[in-house]
Amino acid sequence: MLYDLEMMQELGFPGVVTGVLLPNGRSDLHRMSMLKQVAGNMEFCVHRCIDMSENSFTMLEELIQLGVKRVLSSGRYNTAVAGIDVLKELNEQAGNRIEIMAGSGVNSTNILHLKEAGIRHFHASAGRPETSPMTYRNSEVNMGNEQGTDEYARYEANEEEIRAMLQNLNG
């Protein structure tokens with residue numbers, strides 16, 4: 001990960017999303033501080049490992065002390081809507097010290113509910129599967145290891161969904 005960060009620095013990436021936990025569910029501050037140091041001026045976001053941690057609220061304070069810009073969370077549940085109460089608590093605890101970004105299942109039907117809970121940063125795929133224009137199809141080969149994967153589908157951003165999210169946020 002350190003090597004990858006060095007390469008990202010050299011290539012001028014504006015930010016990185018990462019995170020490291022210890023086997024006991026606590027944050028690995030030693031390794032994360034090494035990553036943060038190598039990231040330098042890059043925006044440093046910690047992903048949903050906060051949701052998998054032993055105590056998200058303790059970890060949030062540790063991330064603030066580390067100088068992390070934002071944390072991506074679903075509020076310790078599979079989706080941000082299911083974890084909205086925890087997200088609200090994390091956001092209140094964070095104040096202006098770190099950004100809480102709601103992610104996992106964020107879409108146009110629930111983004112306003114998350115905003116009403118105080119969340120101001122969102123992560124959404126806003127995508128949909130699209131059929132590949134590939135006309136020749138070899139049914140004997142599955143390039144993905146999972147059976148049932150549609151080899152001839154691709155996931156694309158859904159402009160209508162993105163516009164609907166923005167409209168719901170902006171009124």
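How far apart are the mean positions of the positive and negative charges of the protein? They are 5 Å apart, taken over 15 positive and 23 negative charges. Please keep in mind, as you look through the views below, that this is a predicted model.

**View 1. The whole chain, with seven helices and seven strands.** Starting at the N terminus, you can follow the elements in the order α-β-α-β-α-α-β-α-β-α-β-β-β-α. The C-alpha trace spans about 55 × 45 × 35 Å along its principal axes. Of the 171 residues, 36% count as buried. Among contacts with a separation of 6 or more, 62% are made by residues 24 or more positions apart. The accessible surface comes to about 10600 Å², and carbon and sulfur atoms account for 50% of that area.

**View 2. A nonpolar patch on the surface.** Here Tyr3, Met7, Leu11 and Phe13 make a nonpolar surface patch of about 440 Å². Look for Leu11 in helix α1, which covers residues 2-11. Is Leu11 buried or exposed? Leu11 counts as exposed, because its relative accessibility is 63% and the cut-off for exposed is over 50%.

**View 3. Arg70 and Glu43, a salt bridge between two strands.** The closest N and O atoms of this pair are 3.1 Å apart. Arg70 belongs to strand β3 (residues 70-73) and Glu43 to strand β2 (residues 43-46), so to speak distant parts of the chain, 27 residues apart. Arg70 is buried, with a relative accessible area of 15%, whereas Glu43 is partly exposed at 35%.

**View 4. Arg70 again, now with Glu99.** Arg70 also forms a salt bridge with Glu99, and here the closest N and O atoms are 2.9 Å apart. Because Arg70 lies in strand β3 and Glu99 in strand β4, the pair ties together parts that are 29 residues apart in sequence. Salt bridges with shared partners join Glu43, Lys69, Arg70 and Glu99 into one network.

**View 5. Arg97 and Glu61, a salt bridge from loop to helix.** The side chains of Arg97 and Glu61 meet here at 2.7 Å, N to O. This pair links distant parts of the chain, 36 residues apart: Arg97 sits in the loop between α5 (84-94) and β4 (99-103), and Glu61 in helix α4 (residues 56-66). Arg97 counts as partly exposed at 42% relative accessibility, and Glu61 is partly exposed too, with a relative accessible area of 26%. How many salt bridges does a search of the whole structure find? The search finds 11.

Note on methods: Residues numbered from 1 in each chain as written. Predicted model: local features only at pLDDT ≥ 70, side-chain atom pairs only at ≥ 80, totals over all residues. Heavy atoms only, no water. Patch = residues over 30% accessible without salt bridge, like charges linked within 9 Å, V, L, I, M, F, W, Y side chains within 5 Å. Areas by Shrake-Rupley, 256 points an atom, 1.4 Å probe, with all protein chains shown as cover. Salt bridge = Lys/Arg side-chain N within 4 Å of Asp/Glu carboxyl O. Helix = DSSP H or I, 4+ residues; strand = E, 2+ residues; numbered from the N terminus. Buried < 20%, exposed > 50% of the residue type's maximum accessible area, 1.4 Å probe, protein only. Contact = heavy atoms within 4.5 Å. Lys, Arg positive; Asp, Glu negative; His and termini not counted. Charge placed at Lys NZ, Arg CZ, Asp CG, Glu CD.
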